[in-house]
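Here is a guided look at a protein fold, written for someone who would rather be at the bench than in front of a viewer. Open the structure alongside the text and follow along.

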Amino acid sequence: MAEVRPCEAIAGAYVVSPDVHADQRGLFVETYRREWIPRAGEMVQSNRGDRCAGSVVGLHYHLHQADYWYVPAGQARVVLHDLRSGSPTDGRTLALALGTEPDGVNRHRGVYIPPGVAHGFAALSDMTITYLVDGYYNPDDELGVAWDDPAVGADWGVDRPILSARDRANPRRSDIPDRLIPRFETPEVR
């Protein structure tokens, strides 16, 4: 049975530590189960990204979409920042390891990211990330905040980040228009 715990640093986020079944053939891991996250909706799309060491992706956020991230190969430092006005954790930033951890072991943890929480990751090694989302791709709900915003205060763990043009152009938190600031809502249990 997976250990699922609410993330105290970011309201509505969950960290999942699944059971890993290994033998001489390899391993089996159940990486996501809808029932693990009490307020999660149905995940409708799955995505995969491969990144080279030193890449930084984000910070991205959505007003309407939740994500579930899992890193099956490589080492990632995931950064979450609560942008939601009215959230009990508004303004908090959390960094956590997914994939191969500093001790060399992959515990196969996943993280559930609710709408309104900015999220990104740094590839500390060449890596693969898979993520489930509860909404189909919608360019109008693809928003961002500057990865290096001092108000976020993220420690990405890379010296010379490799960034996309989109991520280099994201605004600072203080420059996000009010209409694009997420509002904290306690979602109904689905």
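The report below goes from the whole chain to its sheets, its cores and a few single residues.

**The chain as a whole**

Please keep in mind that this is a predicted model. The secondary structure of the protein chain comes to one helix and 13 strands. Reading along the sequence, you meet the strands one after another, and the helix comes at the end of the pattern. The helix, α1, covers residues 165–169.

How does the overall size fit the chain length? A compact globule of 190 residues would have a radius of gyration near 16 Å, and the protein chain has 16 Å, so the two agree. Along the principal axes, the C-alpha atoms fill a box of roughly 55 × 40 × 30 Å. Buried residues account for 47% of the 190 residues. The chain exposes about 9,800 Å², and carbon and sulfur atoms supply 48% of that area. Contacts often reach a long way along the sequence: of those between residues at least 6 apart, 79% join residues at least 24 apart.

**Two open sheets**

One open sheet has six strands in the order β1-β2-β10-β7-β12-β5, with antiparallel pairing. Its edge strands are β1 (3–6) and β5 (45–51), each of which pairs on one side only. On average, neighbouring strands of this sheet are turned by 20 degrees against each other, direction ignored.

The other open sheet has five strands, ordered β9-β8-β11-β6-β13, and its pairing is antiparallel too. Here the edges are β9 and β13 (143–144), and each pairs on one side only.

You can zoom in on one strand pair from each sheet. In the six-stranded sheet, β2 (residues 14–17) and β10 (residues 110–113) pair in the antiparallel sense over three bridges. Val 15 stands opposite Val 111 in β10. In the five-stranded sheet, β6 and β13 pair in the antiparallel sense over two bridges, and the bridge partner of Tyr 61 in β13 is Leu 143.

**Two nonpolar cores**

Which residues have the most contacts inside the largest nonpolar core? They are Trp 69 and Leu 80, in a core of 20 residues. The elements that give two or more residues to this core are β7 (67–73), β8 (75–82), β9, β10, β11 (117–123) and β12 (127–133). A second, separate core has 17 residues, among them Leu 59, Tyr 61, Trp 147 and Trp 156.

Leu 80 is a good residue to click on. Leaving aside its neighbours within four places in sequence, Leu 80 has contacts that include Ile 10, Ala 13, Leu 94, Leu 96, Val 111, Ile 113 and Val 117. Arg 92, Thr 93 and His 119 are also in contact with Leu 80.

**Backbone details to look for**

Two places in the backbone deserve a closer look. The peptide bond from Gly 58 to Leu 59 is cis, with omega near 10 degrees. Leu 59 lies in strand β6 (residues 56–61) and belongs to the second core.

His 108 has a positive phi of about 60 degrees although it is not a glycine. His 108 sits in the loop between β9 (93–99) and β10.

**Three residues outside the strands**

The table sets His 108 beside two further residues, with their relative accessible areas.

| Residue | Relative accessible area | Class |
|---|---|---|
| His 108 | 8% | buried |
| Ser 87 | 9% | buried |
| Pro 171 | 29% | partly exposed |

Why does Ser 87 count as buried? Its relative accessibility is 9%, and buried means under 20%. Ser 87 is placed in the loop between β8 and β9. Leaving aside neighbours within four places in sequence, Ser 87 is in contact with Ala 11, Asp 82 and Phe 184.

Pro 171 lies in the segment after α1. With 29% relative accessible area, Pro 171 is partly exposed. Ala 146 is 25 residues away along the chain, and the C-alpha atoms of Pro 171 and Ala 146 are separated by 5.2 Å. Ala 146 is also one of the contacts of Pro 171, together with Gly 144, Val 145 and Ile 176, when neighbours within four places in sequence are left aside.

Technical notes
Residues numbered from 1 in each chain as written. Predicted model: local features only at pLDDT ≥ 70, side-chain atom pairs only at ≥ 80, totals over all residues. Heavy atoms only, no water. Pairing = 2+ DSSP bridges. Helix = DSSP H or I, 4+ residues; strand = E, 2+ residues; numbered from the N terminus. Axes fitted to C-alpha atoms, helices over the stretch in contact; angles between N-to-C directions. Buried < 20%, exposed > 50% of the residue type's maximum accessible area, 1.4 Å probe, protein only. Core = buried A, V, L, I, M, F, W, Y, C linked by side-chain atoms within 4.5 Å. Contact = heavy atoms within 4.5 Å. Rg over C-alpha atoms; globule rule 2.2 N^0.38 Å. Areas by Shrake-Rupley, 256 points an atom, 1.4 Å probe, with all protein chains shown as cover.
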